Amino acid sequence: MDLDEALKPVRRLLIEDGADGVRDAAVAVSAARAALVGGADAPTLWELAVLPEWDHLEARRLLAAVAEELGPALRLPVSSQECEWAQARYALEDLLAGRLSPEGAAWRIHCLLIAYDPGSPLWPIGAFVHHAEERQYVSDARYAELVAELHELARGVLAEPADPADLADRG
């Protein structure tokens with residue numbers, strides 16, 4: 001496993017919660033352990049990996065130290081738009097992996113500002129959210145079509161490059 005792949009759990013945690021937004025030390029400890037198992041190596045990762053899972057304050061401090069120590073290797077987004085795109089991609093990955101319901105993924109993405117841009121490839125998610133809100137008025141067959149469209153959209157977006165530099169031209 002390459003370093004980029006090994007750091008993916010830590011990157012995701014930092015993108016979704018930020019170092020001072022970590023609510024669950026166990027998640028931070030688990031991310032550090034996964035990074036170490038994947039081949040990443042940094043003193044602060046080791047400290048975080050052996051931290052008691054109840055020590056939330058120390059987890060926040062160490063996660064911030066990991067971000068500082070690993071810096072560019074983490075490839076964290078530098079703009080809010082890049083951060084939104086990364087979060088949207090995580091939601092789509094979770095949808096396709098079955099870790100998130102279609103409604104959960106759509107709402108998560110819809111709450112990001114990029115879903116409100118008509119030029120965004122995620123624009124159709126707004127229609128899915130609308131139909132999901134009006135679920136009692138949508139037939140089961142139509143709902144199944146909407147879910148299939150959402151999955152197809154997810155596969156299409158995830159097939160594109162995830163590098164933040166490649167996302168700069170998107171809406």
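Let's start in the middle of things: the largest nonpolar core has 25 residues, and those with the most contacts inside it are Leu7, Val10, Leu45, Leu48, Leu63 and Leu70. Helices H2, H3, H4 and H5 (56-70) each put at least two residues into this core. The top contributor is H3, which gives seven. Keep in mind as you look around that this is a predicted model.

Leu48 is a good place to see how that core is put together. Setting aside neighbours within four places in sequence, Leu48 is in contact with Ala28, Val29, Ala32, Ala59, Leu62, Leu63 and Val66. A second, separate core of 23 residues includes Leu92, Leu100, Ile125 and Leu146. We'll get to that part of the chain in a moment.

First, step back and take in the whole chain. Its secondary structure comes to ten helices and zero strands, so read along the sequence the pattern is simply α-α-α-α-α-α-α-α-α-α, with helices taken as DSSP runs of at least four residues. Along the principal axes, the C-alpha atoms fill a box of roughly 55 × 35 × 25 Å. Of the 171 residues in the chain, 42% are buried. Contacts also reach across the sequence: among those with a separation of 6 or more, 60% are between residues 24 or more positions apart.

Now for a couple of loops. Ala40 is found in the loop between H3 and helix H4 (43-49). Is Ala40 buried or exposed? Ala40 has a relative accessible area of 4%, so it counts as buried. Not counting residues up to four places away in sequence, Ala40 touches Leu3, Ala6, Leu7, Ala35 and Leu45. Two of the names in that list, Leu7 and Leu45, also appear among the residues with the most contacts inside the largest core. For a sense of distance, try Ala40 against Tyr90: they are 50 residues apart along the chain, and their C-alpha atoms are separated by 21 Å.

The other loop residue to look at is Arg75, in the loop between H5 and H6. Its phi is near 50 degrees, a positive value in a residue other than glycine. With 34% relative accessibility, Arg75 counts as partly exposed.

Next, find the second largest pocket, which has a volume of about 210 Å³. Which helices each supply at least two residues of its lining? They are H2 (8-17), H3 (25-37) and H6 (80-97). The largest share, five residues, comes from H2. The full lining is Lys8, Pro9, Arg12, Leu13, Glu16, Val27, Ser30, Ala31, Tyr90, Glu93, Asp94 and Arg99. Sorted by class, that gives five nonpolar, one polar and six charged residues.

One of those lining residues, Arg12, deserves a closer look. Arg12 lies in helix H2. Despite being an arginine, Arg12 is buried, with a relative accessible area of 19%; the cut-off for that label is under 20%. Leaving aside neighbours within four places in sequence, Arg12 is in contact with Tyr90, Asp94, Arg99 and Arg108. Tyr90, Asp94 and Arg99 also line the pocket.

Moving on along the chain, we come to the aromatic rings. How many aromatic pairs does the structure hold? There is one. Phe128 and Tyr143 form it, and the pair is tilted, at 6.0 Å centre to centre with 40 degrees between the planes. Phe128 lies in helix H8 (residues 125-133) and Tyr143 in helix H9 (residues 140-159), so the pair ties together parts that are 15 residues apart in sequence. Both partners are buried: Phe128 has a relative accessible area of 4%, and Tyr143 comes in at 11%.

Helix H9 also holds Val157. Val157 is buried, with a relative accessible area of 2%. Beyond its neighbours within four places in sequence, Val157 is in contact with Trp85, Arg89, Leu92, Pro121 and Leu122. Leu92 should ring a bell, as it is one of the residues in the second core. Finally, compare Val157 with Gly71: they are 86 residues apart in sequence and 27 Å apart in space, C-alpha to C-alpha.

Notes: Residues numbered from 1 in each chain as written. Predicted model: local features only at pLDDT ≥ 70, side-chain atom pairs only at ≥ 80, totals over all residues. Heavy atoms only, no water. 1 Å grid on protein atoms, 1.4 Å probe; cavity = no way out; pocket = protein on both sides within 12 Å on 5 of 7 lines; lining within 4 Å. Points joined across faces, edges and corners; volume = space filled by probe spheres on them. Nonpolar A, V, L, I, M, F, W, Y, C, P; charged D, E, K, R; others polar. Buried < 20%, exposed > 50% of the residue type's maximum accessible area, 1.4 Å probe, protein only. Contact = heavy atoms within 4.5 Å. Core = buried A, V, L, I, M, F, W, Y, C linked by side-chain atoms within 4.5 Å. Phe/Tyr/Trp six-rings, centres within 6.5 Å; stacked < 30°, edge-to-face > 60°.
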